[in-house]
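Open the structure in a viewer and keep the sequence panel beside it. The stops below say what to select and what is there.

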Amino acid sequence: MTESKLTIKGIRANGIHSDAKLRGSDFVMAGHDCHNFYELFYVESGVCRFFIDDSIQDLHSGTFILIPPMALHYTRYPQGSCKRIVTTFGSEDLSEETMGLMPQGGAFFTEKRVFQVPLAYQSQLISCLAQISAEEKIGDHRSTMMQKTCLQWLFILCSRVCIFLNDSPTDIHTTDPQIVHAARFIAEQYMNDITLQDIADAVGFSPNYLSRKFREATGIRLHEYLVFMRLNHAAMELVSTQDSIITIALRCGFSDSNYFKDCFKKKYGLTPREYRKLS
């Protein structure tokens with residue numbers, strides 16, 4: 001696993017940020033993003049292929065995806081021109097009352113969520129996102145409150161009118177079903193001593209072909225994805241259990257504790273022990 005394939009963003013500057021860009025099929029991300037703040041990704045027009053943790057989805061216009069902190073994600077635009085709006089924020093930027101309006105309340109923000117905006121409301125939400133960006137440029141003593149107000153309004157309206165998609169495999173839309181199958185197999189078997197051959201056998205491809213196809217579709221090697229899945233689960237266990245670090249490493253599929261520690265620090269910037277203590 002190489003660091004060049006992962007963009008780990010540190011602690012963000014305070015405040016809410018929104019950025020709109022037009023992307024094309026020639027756009028290639030420098031690496032996978034993984035950061036400690038929320039990202040709200042909106043497709044205003046076109047189609048974006050979004051890869052996050054164990055799922056791949058083709059997001060069409062009028063669709064939001066909420067990316068929680070420390071989730072590995074990557075985007076591609078294989079169908080050409082796509083306008084996307086990315087808004088980043090922290091948990092402190094939303095009130096408990098607003099978070100409570102979302103499906104499952106505050107738990108809504110603990111994992112990735114996909115929700116679609118009805119056509120009749122899309123222009124309102126785009127205007128709201130544009131106002132957040134405009135306030136960042138204005139930058140007076142009212143701007144922070146204006147941005148927070150816009151963000152609250154956006155989520156409140158979404159809680160009322162949006163269609164929320166669940167995470168079952170039948171709701172994953174992609175033109176690469178074998179890649180989704182491979183990702184799902186890893187999600188279900190990451191704790192076992194699985195090989196690339198095992199994954200390829202589950203999908204029905206040769207290991208070399210599957211690895212090439214997986215990388216073309218997602219920008220990440222198949223083995224790297226397996227390691228990242230194991231690290232994600234290990235991170236959750238570090239803060240939710242009192243089990244030893246070696247026990248957690250073994251339970252999450254790592255047979256070498258030193259390799260686990262090296263991989264963990266590359267992803268999170270902390271050793272497993274430091275991560276547990278900080279959390």
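Start with threonine 75, which lies in strand β8, residues 73-76. The model shown here is predicted. Is threonine 75 buried or exposed? With a relative accessible area of 6%, threonine 75 is buried, since the limit for that word is under 20%. Now display its contacts. Leaving aside residues up to four places away in sequence, threonine 75 touches Met29, Phe41, Cys48, Arg49 and Phe50.

**From strand β8 to the loop before it**

Select methionine 70, in the loop between β7 (63-67) and β8. Its phi is near 65°, a positive value in a residue other than glycine. Most residues other than glycine have a negative phi. Methionine 70 has a relative accessible area of 18%, so it is buried.

For another positive phi, go to glutamine 104, in the loop between α1 (96-101) and β10 (113-116). Glutamine 104 is not a glycine, yet its phi is about 70°. Is glutamine 104 buried or exposed? Its relative accessible area is 58%, so glutamine 104 is exposed, the limit for that word being over 50%.

**A polar contact in strand β6**

Select aspartate 58 next, in strand β6, residues 55-60. Its relative accessibility is 10%, so aspartate 58 counts as buried. Which residue does its side chain join in a polar contact of 2.9 Å? The partner is the side chain of arginine 49. Arg49 has come up before, among the residues that threonine 75 touches.

**Helices α2 and α3**

Two packed helices are described by the angle between their axes and the distance between the axes. Colour helix α2 (residues 119-138) and helix α3 (residues 143-161), which pack at an angle of about 165° with their axes 9 Å apart. That angle makes α2 roughly antiparallel to α3, because angles over 145 degrees are given that name. The crossing of α2 and α3 is left-handed.

Show the side chains where these helices meet. From α2, select Tyr121, Gln124, Leu125, Cys128, Leu129, Gln131, Ile132, Glu135, Glu136 and Ile138. Their counterparts in α3 are Ser143, Met146, Gln147, Cys150, Leu151, Trp153, Leu154, Leu157, Cys158 and Val161. Sorted by class, the contact of α2 with α3 has 14 nonpolar, 4 polar and 2 charged residues.

**Helix α4 and its surroundings**

Move to isoleucine 179, in helix α4, residues 177-189. At 0% relative accessibility, isoleucine 179 counts as buried. Which residues does isoleucine 179 touch, not counting those up to four places away in sequence? They are Ile56, Leu210, Lys213, Phe214, Ala217 and Thr218. Ile56 falls in strand β6, residues 55-60. Leu210 belongs to helix α6, residues 207-218. A C-alpha to C-alpha distance can be drawn here as well: isoleucine 179 and leucine 222 are 9.7 Å apart in space and 43 residues apart in sequence.

Now add α5 to the view. The axes of α4 and α5 come within 9 Å and cross at roughly 130°, and the two helices are therefore oblique to each other. Their crossing is right-handed. On the α4 side, select Gln178, His181, Ala182, Phe185 and Ile186, and on the α5 side Asp198, Ile199, Ala202 and Val203. This contact of α4 with α5 has 6 nonpolar, 2 polar and 1 charged residues.

**Helices α5 and α6**

Keep α5 (residues 196-203) and add α6 (residues 207-218): their axes come within 9 Å and cross at roughly 85°. That makes α5 roughly perpendicular to α6. Leu196, Gln197, Ile199, Ala200 and Val203 of α5 make the contact with Pro207, Leu210 and Ser211 of α6. By class, the residues of the contact of α5 with α6 are 6 nonpolar, 2 polar and no charged.

**Last stop: helix α7**

Finish with leucine 231, found in helix α7, residues 222-240. Leucine 231 has a relative accessible area of 0%, so it is buried. Not counting residues up to four places away in sequence, leucine 231 touches Phe254, Phe260, Cys263, Phe264, Lys267 and Tyr268. Where is glycine 253 relative to leucine 231? The two are 22 residues apart in sequence and 9.3 Å apart in space, C-alpha to C-alpha.

Methods. Residues are numbered from 1 along each chain as its sequence is written. This is a predicted model: local features need pLDDT of at least 70, side-chain atom pairs count only at pLDDT 80 or more; totals for chains, interfaces and linings use all residues. Side-chain values use heavy atoms; hydrogens and water are left out. Axes are lines fitted to C-alpha atoms, for helices over the stretch in contact, and angles run from 0 to 180 degrees between N-to-C directions. Helices (H or I, at least four residues) and strands (E, at least two) are DSSP runs, numbered from the N terminus. Angles under 35 degrees count as roughly parallel, over 145 as roughly antiparallel, 65 to 115 as roughly perpendicular and the rest as oblique. A crossing is left-handed if the near helix is turned anticlockwise from the far one by less than a right angle, and right-handed if clockwise. Contact means heavy atoms within 4.5 Å. Ala, Val, Leu, Ile, Met, Phe, Trp, Tyr, Cys and Pro count as nonpolar, Asp, Glu, Lys and Arg as charged, and the others, Gly among them, as polar. Buried means under 20% relative accessible area, exposed over 50%, partly exposed in between (1.4 Å probe, protein chains only). A polar contact is a pair of N or O atoms within 3.5 Å; within protein, one must be able to donate a hydrogen and the other to accept it, and residues adjacent in sequence count only if both atoms are side-chain atoms.
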